[in-house]
Amino acid sequence: MSVIAAVEALERADLAAADTAVCADLLSHVRRARGWLDAVEAQISSRMRDIATALAPGTDAGIADVHGAVGRVSAAEGRK
């Protein structure tokens, strides 16, 4: 199943009517979407690091700050 299909299944899910099997299936869709998002975030961070290195070799040139401001994470989390 594609990430798009997983998100669409989550969006149209009727949680009030969901039994245990449906909830388990929905959680698998959540994990698929989250895994994809985490991979995209890692690629974006890598690209930001490449840009920062090109602009200021030997530094992270504000990558943690951008993550903090845009990703709503701490500077420490942004440095990861």
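In this predicted model, the buried residues of helix α2 are Leu26, His29, Ala33, Ser45 and Ala52. Helix α2 covers residues 20-55, and its length can be checked by simple arithmetic: at 1.5 Å a residue, its 36 residues should span 52 Å. The C-alpha atoms at its two ends are 52 Å apart, which agrees with that expectation. At the N-terminal end of α2, Asp19 acts as a cap. One of the side-chain oxygens of Asp19 lies 3.2 Å from the backbone nitrogen of Ala21.

Among the buried residues of α2, His29 can be followed further. His29 has a relative accessible area of 6%. Buried means under 20%, so His29 counts as buried. Neighbours within four places in sequence aside, the residues in contact with His29 are Met1, Ala6, Ala9 and Leu10.

Two of these partners, Ala6 and Ala9, lead to helix α1, where they are buried together with Val3. These buried residues cover an arc of only 125° around the axis, which puts them on the same side of α1. The general geometry of a helix helps here: with 3.6 residues a turn, residues three or four places apart in an α-helix point the same way, so a regular spacing in sequence can become one face. On the other side of α1, the exposed residues are Ile4, Glu11 and Arg12. Part of what covers the buried residues of α1 is α2, and the contacts of His29 with Ala6 and Ala9 belong to this picture.

Between α1 and α2 runs a loop, and Ala13 is located in it. Is Ala13 buried, partly exposed or exposed? Its relative accessible area is 25%, which makes Ala13 partly exposed, because that class lies between the 20% limit for buried and the 50% limit for exposed. Ala13 and Cys23 are ten residues apart along the chain, and their C-alpha atoms are separated by 9.4 Å.

The protein as a whole has four helices and zero strands, and the order of elements from the N terminus is α-α-α-α. Of its 80 residues, 15% count as buried. The accessible surface comes to about 5,900 Å², and carbon and sulfur atoms account for 59% of it. Among contacts between residues at least 6 apart in sequence, 28% join residues at least 24 apart.

The confidence of the prediction varies along the chain. The average pLDDT of the protein is 84, and 70% of the residues score at least 70. Helix α1 (residues 3-12) has the highest confidence, at a mean of 97. Confidence is lowest in helix α4 (residues 75-78), where the mean is 58.

Key: Residues are numbered from 1 along each chain as its sequence is written. Side-chain values use heavy atoms; hydrogens and water are left out. The expected span of a helix is 1.5 Å times one less than its number of residues. Buried means under 20% relative accessible area, exposed over 50%, partly exposed in between (1.4 Å probe, protein chains only). A polar contact is a pair of N or O atoms within 3.5 Å; within protein, one must be able to donate a hydrogen and the other to accept it, and residues adjacent in sequence count only if both atoms are side-chain atoms. pLDDT is the predictor's confidence in each residue, from 0 to 100. Contact means heavy atoms within 4.5 Å. Accessible areas come from the Shrake-Rupley method with a 1.4 Å probe; for residues, only the protein chains shown count as cover. The arc is that of the directions from the helix axis to the C-beta atoms.
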